[in-house]
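Biologist: I'd like to learn how to read a protein structure, one feature at a time. Could you walk me through this one?

Modeller: Sure, let's put it on the screen and begin.

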Amino acid sequence: MSLTTNVPVFPGFIPDQVGGAAVTYPVRSPTWNIKKTPKWNNVRHQAVNGRMLVVKYWANPLWDFELAYGYIKDNPADQAAFYPTPIPYTDYQILSGFYNGMQGGGNEFAFTPPDSVVGGTFTTSAVSGTSNYWTIYVNNTLSAGLYAILSGFTTTTWLNGQILPIIRATPTYIVVYYVHANQALVNEAAGHVIAGQSLATPDSNNNIPLINTTGGYPTLPLGGTPTVTNPVTEATQLIDAASLSVYANGTLVGSGYTIQPADSIAPYGGLVLNFTSAPSSPVMALFNYYYLCRFSEDSQEFENFMTGLWMCSSLKFEQVRI
Amino acid sequence: MRVIYDPAGNDISTTMQTSLQNNRSVFMANLYTFMHRQFWKNDTAGNIVIWSFTDADIPLALQQLQLFASGASNPLTLNNSHVVYNQSSGSSYITYSPEKITRGKLSYEVGLVAKDVEVTWYIDDTQDYFAALSGSYGTLQTPATSALSMKQAMATYRAFDDCPFWIHRGVFFATQPIWDGSLLGCFTDGTGQIVAGQTPFLIANGGTFIVPAGANQLQMGMNDYPYSDNSGAWVMSVNASNVTVNSTCAPYVYTAGVLNTAFPIPSSGQAAPVVVSGLTAGQNVLIQYVSGTCGLHFSSPPFFGPIGAVNFAFSGSSSSPGQYAVSTIPTSTPVLEGTSLMYRGFIRKTSAAADSLSITLGSLMQILQDTQFPTQLIMPGNRDVQFIPSPGVSSAYLTTPLTVTSPVSVTFKAGSTLTQNQLQDCWVTFQPSLPANVWAPQSGLPPVSTPGWRIMSNTAAASGANTNVTFYDPLIIPASPAAVNVFTQTSGSAPGFNAVPPPENSL
């Protein structure tokens, strides 16, 4: 793994998180509840009549994270099997060692959230459409919120070239929404899907900010029905550069671009892809992303409640700016 | 009244006032600019360096801002364009990098009152700020380091004292700006007439738009002038049907005295707009970008999507339809709309703490108060005024090669016969030899003579022999300086004390 900035990676994940490219070398046994808190910095100027002018200072939020560990194994005979090369430390030693290695809040580290998945390219096994919803069978788990570029369909040719948000995802299929006159009850034998993060068109200097979609919301006209969704994105601070794949109009772009450092090119916060010439739209990127973090507190309680078992009721850390 | 200039130098104070009144929230940030002579390398061009930082969480780029008493100017044209700056967003722009900088409260008072401002910079001591602007540089002769710490340079070596410093307030677009080359739309009747009370509007990457009363069709086209040299097309989805908008399409047809007379645009090779008909008033129109890029100048880049050519003039030229258009699309990326000069002064004092650098800025008013205007200076041997506007400078007194013997002591070759302490209190710089007129103070530029290192003593030496020179403060000497300049009272005469260039001579 190669990060765009050389910092240690937090050895943890959240409950229910499954393994995969995004999950590195976790300490086992995190438990519920976990907390994830976005922070903004706005100053409110309120007049005596109640009217208010708000001055915004941040373009991107900062996140607070809080994890809990119900039990942490400290048994040399029961070490985590996640490591391709065995290391001589127990889960407890890894977690407490990482905290002390960071000297509490003294040093910065990278944290990969559970939705930091790269997507991928897939050959679908079948496609079925009823109404405007298209179920595309892929034998992989993808995240809702990623986008899919569709190609290779022979019957539903109008799906080819579409870049659509993934509405639902299971381990065996994804669902996308697309309105077409021939929408109802169409089955397709197979096609291809590229799933990843949809990027903007390049600016006049052939720069494209590497963004991360954190969510979205429907546009609700007053008294109307939702007609379009507004994705909400944030700047990407760190990525695993080895995981980055860029697709221009469905074709893998192997060269002709560089990753510019975070916060170096206006007006983009975070990393930027700089192309030598404008790529064809739509542009999609597959990558793992990380937040740059520090532990929030300079003291951390680990409780030894049974031989070989520890617990940590609250482990707090927070995102920091590059 | 403060004037707000857009990044291209246009006065947008009036439109900004309207925007501030209409919008309930605004995005703001501070911009910090200071200038200095490039002293850490042997700079034969005598460049000035523009340091540009912001407390915004994103970098900003601009071409023009107010530096002087009035008007906007392009800092890149100062010093006969011998300028070094952060050009990470393109060579035409100064990029302001996010840094951990805060400032004290700005306060103003009518009258001759000086109001200092404290700027605190939580500086990264491990970062090589100098190489980022000027490329890699060789190991300095003193201090013996390959990467000078900015904190050291400012607080220990006082190399930035007296340099001009500006604080600007940046204001950002509340809605997506209308760049040149952006996709515009308008609702018209069947004849192509924009319906009463409506104007062209920005579509950019799309959104939901409601058909106004009296309209039954949507027209789309690019914002530009002229159209004849455009290339490319966009595919847009309008209520789930794809339409192609060529880059030569204008958003409406203008015919003098006949059609859309409120929005005149000259003929410049534009094609008819793309028309989506069959609409009814009150209907929602969902527009989405599908694919394609366009260019403004034949087949040359940049190529861009319906947002337009980012950082190009906001409404294109004054001949383009964008001058009449409105934007209601919230920005996803804050874009700088304009800057206003909040403070202008010079670096008066710097002090370092473990994790921060404090910079005290003296106002211009302070110069007026602190500068004495002697009517007669009582000094033995002459009646010259103490401060002369253009000190004489000569590279004949001290020459290279030089040897650093301590942080404050250097052995030079004497360029002429020197008596003991003859150079006491003279100032030395390691700039290259420059024409005399370049040494003269230039409005708005940092003094050529900074950083200057003041001589405490020198040993007597015959011409060409070694003279040991001791300075009051530790000094910075680049690798292989081309010249050693000694500031004297008058060029060509024996050097003496009162050749001190006043620090405020650049302001």
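Modeller: Keep in mind that this is a predicted model. Let's start with a sheet in chain B: 4 strands form an open sheet there, in the order S11-S10-S13-S16, with antiparallel pairing.

Biologist: Which strands are the edge strands of that sheet?

Modeller: An edge strand pairs on one side only, and here that goes for strand S11 (201-202) and strand S16 (274-277) of chain B.

Biologist: And how many bridges join S10 to S13 in chain B?

Modeller: There are 6 bridges between strand S10 (residues 183-188) and strand S13 (residues 217-222) of chain B, and the two run antiparallel. To see one for yourself, find B:Phe187 and look across to its bridge partner in S13(B), B:Leu218.

Biologist: Do strands pair between chains too? Which strand of chain B is joined to strand S3 of chain A?

Modeller: That would be strand S2 (residues 25-37) of chain B, joined by 3 bridges to strand S3 (residues 52-56) of chain A. This time the strands run parallel. A good place to look is A:Lys56, which stands opposite B:Phe27 in S2(B).

Biologist: Let's stay with the two chains. How many residues are in contact between chain A and chain B?

Modeller: On chain A it's 28 residues, and they are in contact with 33 residues of chain B. You can also describe an interface by its buried area: here about 3000 Å², with carbon and sulfur atoms giving 57% of that.

Biologist: What about polar contacts and salt bridges across the interface?

Modeller: The rule finds 9 residue pairs in polar contact between chain A and chain B, both residues at pLDDT 80 or more. Sorted by class, the side of chain A that touches chain B has 16 nonpolar, 8 polar and 4 charged residues. As for salt bridges, the rule finds 1 across this interface.

Biologist: Which residues form a salt bridge between the chains?

Modeller: A:Arg321 and B:Asp57, with their closest N and O atoms 3.2 Å apart.

Biologist: Is B:Asp57 buried or exposed?

Modeller: The idea is to check its relative accessible area: B:Asp57 has 7%, so it counts as buried, the cut-off being under 20%. A:Arg321, at 24%, is partly exposed.

Biologist: How many salt bridges are there over all chains?

Modeller: The structure holds 9. One of them is within chain A, where the side chains of A:Glu297 and A:Lys316 meet at 4.0 Å, N to O. This pair links distant parts of the chain, 19 residues apart: A:Glu297 sits in the loop between strand S23 (289-295) and strand S24 (303-306), and A:Lys316 in strand S25 (residues 309-319) of chain A. Both ends are partly exposed, A:Glu297 at 38% relative accessibility and A:Lys316 at 33%.

Biologist: Can you show me a salt bridge in chain B? What are the closest N and O atoms of B:Asp125 and B:Lys151 apart?

Modeller: They are 3.3 Å apart. B:Asp125 lies in the loop between strand S8 (117-121) and helix H2 (129-134) of chain B, and B:Lys151 in helix H3 (residues 150-156), so the pair ties together parts that are 26 residues apart in sequence.

Biologist: Which end of that pair is buried?

Modeller: B:Lys151 is, with a relative accessible area of 9%, whereas B:Asp125 is partly exposed at 39%.

Notes. Residues numbered from 1 in each chain as written. Chains lettered and ligands numbered in written order. Predicted model: local features only at pLDDT ≥ 70, side-chain atom pairs only at ≥ 80, totals over all residues. Heavy atoms only, no water. Contact = heavy atoms within 4.5 Å. Buried area = accessible area lost by both parts, 1.4 Å probe. Polar contact = N/O pair within 3.5 Å; in protein donor to acceptor, adjacent residues only side chain to side chain. Nonpolar A, V, L, I, M, F, W, Y, C, P; charged D, E, K, R; others polar. Pairing = 2+ DSSP bridges. Buried < 20%, exposed > 50% of the residue type's maximum accessible area, 1.4 Å probe, protein only.
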